[in-house]
Amino acid sequence: MAITKVWIEEGCIVCNACEAETPDVFHVTDTSCNIVGSARKDGVDSENRDEMSELNDDVQTDLADSIIAAAAGCPVEVIKYEQA
Ligand code: SF4
């Protein structure tokens, strides 16, 4: 199982739960949450809603469970992902 892409829809309330769960993928800012560039193939820090960049190959498999846990723990359900 792998998570190929993860992104943040509008409505993040910057609660920090996702970063606490999976800091190698999520970084919470003053206004939203970014998918960190070091985890992505395009290297960009952003919500990844527009870019829809794939995660790095090792992140797709190694952090799949952590990403799913973070998405399940988001109180406003704005963490979305594609699973392969
Ligand atoms: S868990 Fe959800 S609401 Fe909280 S910071 Fe992360 S994306 Fe935003």
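**Notebook: ligand shell, core and loops**

I began with the ligand and sorted the residues of its shell by character, which gave 14 nonpolar, one polar and no charged. The shell holds 15 residues, and I noted Cys12, Cys15, Ala17, Cys18 and Cys74 as the closest to the ligand. I keep in mind throughout that this is a predicted model.

**Overall fold**

I then looked up the secondary structure of the protein chain and found three helices and four strands, which from the N terminus on follow the order β-α-β-β-α-α-β. For the overall dimensions I took the C-alpha atoms along the principal axes, where they fill a box of roughly 30 × 25 × 20 Å. I also compared the radius of gyration, 11 Å for the protein chain, with the value near 12 Å that a compact globule of 84 residues would have, and I recorded that the two agree. On burial, I found that 27% of the 84 residues count as buried. Turning to contacts between residues at least 6 apart in sequence, I noted that 57% of them join residues at least 24 apart.

**The nonpolar core**

Which residues touch the most other members of the largest nonpolar core? I found that they are Val6 and Val25, in a core of 18 residues. I traced the elements that give two or more residues to this core, and they are strand S1 (3-8), S3 and helix H3 (64-73). S1 gives the most, with three residues. I set beside this the general tendency of nonpolar side chains in soluble globular proteins to be buried together. For Val6 I listed the contacts beyond its neighbours within four places in sequence, and these are Val25, Ile35, Asn48, Leu55, Ile67, Ile79 and Tyr81.

**Positive phi values**

Next I checked the backbone for positive phi, bearing in mind that most residues other than glycine have a negative phi. Val14 has a positive phi of about 45° although it is not a glycine, and I located Val14 in the loop between S1 and helix H1 (17-21). Is Val14 buried or exposed? I counted 12 other C-beta atoms within 10 Å of Val14, so it is exposed. Met52, also not a glycine, has a positive phi of about 50°, and I placed Met52 in the loop between S3 and H2. Met52 is likewise exposed, because 12 other C-beta atoms lie within 10 Å.

**Glu54 and Asn56**

I stayed with the loop between S3 and H2 to look up Glu54. With 17 other C-beta atoms within 10 Å, Glu54 is partly exposed, since the partly exposed class lies between 12 or fewer for exposed and 20 or more for buried. Leaving aside its neighbours within four places in sequence, I found Glu54 in contact with Thr4, Lys5 and Lys41. I also took the C-alpha separation between Glu54 and Gly37, which are 17 residues apart along the chain, and obtained 11 Å.

Asn56 is found in the loop between strand S3 (33-35) and helix H2 (57-62). I counted 15 other C-beta atoms within 10 Å of Asn56, so Asn56 is partly exposed. Its contacts beyond the neighbours within four places in sequence are Ala39, Arg40 and Lys41. For Asn56 and Asp42, 14 residues apart along the chain, I noted a C-alpha separation of 8.9 Å. I closed the entry with Lys41, which appears among the contacts of Glu54 and among those of Asn56.

Technical notes:
Residues are numbered from 1 along each chain as its sequence is written. This is a predicted model: local features need pLDDT of at least 70, side-chain atom pairs count only at pLDDT 80 or more; totals for chains, interfaces and linings use all residues. Two residues are in contact if their C-beta atoms, placed from the backbone, lie within 7 Å. A residue is near a molecule or strand if its C-beta atom, placed from the backbone, lies within 6 Å of it. Ala, Val, Leu, Ile, Met, Phe, Trp, Tyr, Cys and Pro count as nonpolar, Asp, Glu, Lys and Arg as charged, and the others, Gly among them, as polar. A nonpolar core is a set of buried Ala, Val, Leu, Ile, Met, Phe, Trp, Tyr and Cys residues joined through C-beta atoms within 7 Å. The radius of gyration is taken over C-alpha atoms; the globule rule is 2.2 Å times the number of residues to the power 0.38.
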